Structures are given as structure tokens and as C-alpha cells.
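Dear colleague,

I am passing on to you the structure we spoke about, and below it you will find my notes on what turned up when I went through it. Please read them alongside the coordinates.

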Amino acid sequence: MTPDLRDWYLSTLGIVQYRPREVDAVELPFHVELTAEPPVVAAPAVGAVDQIVELLQPRQEQPAVEPAKAEQPLKENDYQAGEQLAPFRLACWQPCDDLLVLNAFSPGLQPRADESALLVNLLRTIERCGEGVLSPEFIDWPLSHGGISDLDSAKTMLSVFVDVRIRKRGVLWVLLMGELPTSLLLPSQQVHSEVIGLVEELAGGARAIVTPSLQEMMTDHISKRGTWRAIQHLGQPL
């Protein structure tokens, strides 16, 4: 990602970038369709920027009844730069100031009750979750119907989102639960099952921890041990 494109992404999310007065406008690498609105006397790029800001904000949804259909498991890591990604939903939890949790689901699905309970129990063992309800925010990919859906764009989207949480909300640890968020956020192209427990530095001073997904832990109880080994140090006094 070029410095200009990174600055543009961050400015749309509210992070002020101080630049010299005469700086060439950033050319967007993709086109965003605008919804029909009354004509406004403004620069053409303003409407597009406003829509990107709205699309990049995770949506808060109310807990729903457990869906009747079974979720299709995500495929093992075989992504390559430039290829188109199938639609997915990324659930994001920030149960406390210093921790962000990411887990992918099939489009439109929410965590089941047993998956949510598992996450709550894990977080309580490391003293990162209280007694209240832990509700996720969702990022649906692609960000708009018929929008860009290639791997590089998805990496950029998630990188910007996490960077904002680190810089504006004080996140120090990011739990990457499952293969998809790991593939998008970390530069490593290793097979996910071989990097469980990996701790890797992120820009801004935070660290990412790779764990199995919630879905995997519900079907393979042994994988819970790997998750516990990876996160147990977070519950130790500093």
C-alpha cells in the first residue's frame, strides 16, 4: 500500500493526517457506486469518501436466534494475491480496551450460542470479559454489492480497521481466530494449522496471536488446548 493510499484510508476513518498544502489528490484504486441522492454542490470525490467511511464502519447487530442451516467451513489457506475472495462475514469483539478478537463466518451468519459461550469462557480465564453480554460487530465482505472482492483489497480493509483500533482505542493484542483473518492480516503465507500459537508484531506496537477458529474448537475439542496455551500469558500480571 502506498503512503498516499494509506493516508487516504486513515483520513476516512477520522485520523487526521497533517500534509503540505499542495499535495496531489490520491487516485482511488477502485470505483465506489453512489446511491441516488439529491444533487449537492461539492467535489465529486466527497460522496465516494462518505460512502467508504460508512461502509468501513462495522455494523452492530442484535443477537439472533441460532440459524437453522449449518455453516459451511472455510477452506484451508490457498489464497494468492489478485484472486477474488468469496463473500464472508468477519465478527469483531473488543471486550476490553487492550484486546480485539476476530473470527470469520459465512455470509449473513452470526456466532451460535455455544460459540459465543465458548469465547466468553476463554476471555474470562484471562480476565478480559466481565459478566455482561458480549456482542460482536460485523464487517461483511465485499463492502458493497458487486464491489471489489480481491485478496489485496480485503487485506487493506482489515489492516486499516485493525490499525484504527490500535491507534484510537488502545488495542495491544489481536486474537486471529481461524485461517481467514490470519491470512488477511499477517504477511506469512504458512498453513494456518502450522502457526497456531504464533505471536507476531503489528504496526503501532500491538501483537497478533493466532488461534483456531471458534467453529474448529466446537468440533475439535483438542484444539481448545492450543488456544489456551496461546493466550494464557495474557492472564498473568504484568
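Helix α3 and the charged residues

In helix α3, the buried residues are Glu115, Leu118, Leu119, Val120, Leu122 and Leu123. Please keep in mind throughout that this is a predicted model. The buried residues of α3 pack against three strands, β2 (88-96), β3 (99-105) and β5 (173-177), and against the helices α6 (214-219) and α7 (223-231). The helix itself covers residues 113-125, and its 13 residues should span 18 Å at 1.5 Å a residue, which agrees with the 19 Å between its end C-alpha atoms. After α3 comes Glu127, which has a positive phi near 60°.

The count of salt bridges comes to seven. One of them joins Asp98 and Arg128, with the closest N and O atoms 3.1 Å apart; because Asp98 lies in the loop between β2 and β3 and Arg128 in the loop between α3 and β4, the pair ties together parts that are 30 residues apart in sequence. Asp98 is buried, at 18% relative accessible area, and Arg128 is buried too, at 14%.

Glu137 and Arg165 also form a salt bridge, at 2.8 Å from N to O, and this pair links strand β4 with helix α4 across 28 residues.

Asp150, in the loop between β4 and α4, is buried yet has no salt bridge, the nearest side chain of opposite charge being that of Lys155, 9.4 Å away. Its side chain does, however, make a polar contact of 2.9 Å with the side chain of Ser153, and a polar atom of the Asp150 side chain lies 3.2 Å from the backbone nitrogen of Asp152.

With best regards

Methods: Residues are numbered from 1 along each chain as its sequence is written. This is a predicted model: local features need pLDDT of at least 70, side-chain atom pairs count only at pLDDT 80 or more; totals for chains, interfaces and linings use all residues. Side-chain values use heavy atoms; hydrogens and water are left out. Helices (H or I, at least four residues) and strands (E, at least two) are DSSP runs, numbered from the N terminus. The expected span of a helix is 1.5 Å times one less than its number of residues. Buried means under 20% relative accessible area, exposed over 50%, partly exposed in between (1.4 Å probe, protein chains only). Contact means heavy atoms within 4.5 Å. Lys and Arg count as positive and Asp and Glu as negative; His and the chain ends are not counted. A salt bridge is a side-chain nitrogen of Lys or Arg within 4 Å of a carboxyl oxygen of Asp or Glu. A polar contact is a pair of N or O atoms within 3.5 Å; within protein, one must be able to donate a hydrogen and the other to accept it, and residues adjacent in sequence count only if both atoms are side-chain atoms.
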